[in-house]
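Please look through the sequence and the structure shown below before reading on. The paragraphs that follow are meant as a guided walk for someone who has not met this structure before.

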Amino acid sequence: MEKSKVLVVGGTGFVGRRMVRASLAQGHRTFVLMRPDIGMDVEKLQLLLSFKARGAVLVEASMDDHRSLVAAVRKADVVVSAMGGSQLLLQLKLVEAIKEAGNVQRFLPSEFGVDPARMGHALEPGRVTFDDKMVIRKAIEEANIPHTYVSANCLGTFFAANLSQLGTLLPPKERVRVYGDGNVKVIFMDEDDVATYTIKSIDDPRTLNKTIYLRPPENILSQNEMIAKWERLSGKVLEKIPIPSDEFLASMKGADLAYQLVVGHFYHIFYEGCLTNFGIENDEEASLLYPEVQYTRMDMYMERYL
């Protein structure tokens, strides 16, 4: 079967650049949206040119120019969006362009984290992320756009080597804050593996109009298990400081909005267990669908930080 043509929107971002590379690596004709307002952003331009050198096609279009967006979408069979943060709702413009173009066989909106459909109870102000993603899902489904949603859980850069400590991306040197008893199961992912699984799903009829959960079994680990892995790798024993849930939530009081948002998300992940406290029934699990993927175990992931 001929591989689909892929348009990546948000291709210079942390997740998006990996989607571009995975699409190229898996042999897809790959288009990358390039916004005309790139200006003097040298690093972004160099990244786009590196994609071009690998065989990607740069397509100039703006989220504020509907015609250019429709023209870009018409070049591809599959659209993968990696627009994050404050840009999430801009995807509504992408949905409108996909509706008008009429050729897209699959749309993968920007999710790649906690499944928003399970977060209707989420704490303020962090719930805005899940609410915005559900607005996009509603627009996709009302427009009858074929889709796949990807729940990628915890990206390693932000959760693994730092042992899920707030305010740092580096491993702790002396002590580590432990959320509750530290035994709640969490799912940690190498970001490149997220992209590999995502691109594998785009031509797969088994993932059409479904959520695909990334749950490679050896990466379903508690915070305590992650700490133990790091202690074995580093040869250092860390002082463990348990943080009860009420104390953790109290830290939100008087803090800035960004910190409150992160605390809310951490609470759901490490105290409630929102990534693993449910079974997968009518959707799919990536490591079962694609057992050929040699996913990165967290021991190997953390070795680079030694």
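Which residue of strand 11 is the bridge partner of K185? The model in which this can be looked up is a predicted one, and in it the partner of K185 is S222. This bridge belongs to the pairing of strand 9, residues 185–189, with strand 11, which runs in the antiparallel sense over 3 bridges. The two strands are part of an open sheet of 3 strands, arranged in the order 7-9-11 with mixed pairing. At its edges are strand 7 (154–155) and strand 11 (220–222), each of which pairs on one side only. Helix 7 packs on this sheet, where it touches strand 7 and strand 9, and its direction makes about 80° with that of strand 9.

Just before strand 9 the chain passes through a loop that comes from strand 8 (175–179), and V184 is found in this loop. With a relative accessibility of 21%, V184 counts as partly exposed, because buried means under 20%. Leaving out residues up to four places away in sequence, V184 touches L221, S222 and Q223, and also I269, F270, Y271 and G273. One of these, L221, is 37 residues from V184 along the chain, yet the C-alpha atoms of the two are separated by 8.0 Å.

A second open sheet can be followed next. It is formed by 3 strands in the order 6-10-13, and here the pairing is parallel. Strand 6 (148–151) and strand 13 (284–285) are the edge strands, each pairing on one side only. Strand 6 pairs with strand 10, residues 210–213, in the parallel sense over 4 bridges. Along this pairing, T148 has K210 as its bridge partner in strand 10, while Y149 stands opposite T211. In a regular strand, side chains alternate between the two faces of the sheet. In strand 6 both faces are covered, since T148 and V150 on one side and Y149 and S151 on the other are all buried.

From the sheets the reader can turn to the nonpolar interior. The largest nonpolar core has 35 residues, of which M19, F112, V194, Y197 and L214 touch the most other members. Several elements supply at least two residues each to this core, including strand 1 (6–9), helix 1 (16–25), helix 2 (42–54) and helix 7 (191–201). F112 offers a view of the surroundings: apart from its neighbours within four places in sequence, F112 is in contact with V15, M19, V80, S81, A82, V150, A152, N153, L155, V194 and T198. Another core, of 34 residues, lies apart from the largest one, and among its members are V178, L238, Y267 and Y271.

The last stop is a pair of helices. The axes of helix 4, residues 91–101, and helix 5, residues 127–142, come within 10 Å and cross at roughly 10°. Angles under 35 degrees count as roughly parallel, and helix 4 and helix 5 are therefore roughly parallel to each other. On the side of helix 4 the contact is made by Q91, L92 and V95, and on the side of helix 5 by V135, I136, A139 and I140. The residues of this contact divide into 6 nonpolar, 1 polar and no charged.

Key. Residues numbered from 1 in each chain as written. Predicted model: local features only at pLDDT ≥ 70, side-chain atom pairs only at ≥ 80, totals over all residues. Heavy atoms only, no water. Pairing = 2+ DSSP bridges. Axes fitted to C-alpha atoms, helices over the stretch in contact; angles between N-to-C directions. Parallel < 35°, antiparallel > 145°, perpendicular 65-115°, else oblique. Contact = heavy atoms within 4.5 Å. Nonpolar A, V, L, I, M, F, W, Y, C, P; charged D, E, K, R; others polar. Core = buried A, V, L, I, M, F, W, Y, C linked by side-chain atoms within 4.5 Å. Buried < 20%, exposed > 50% of the residue type's maximum accessible area, 1.4 Å probe, protein only.
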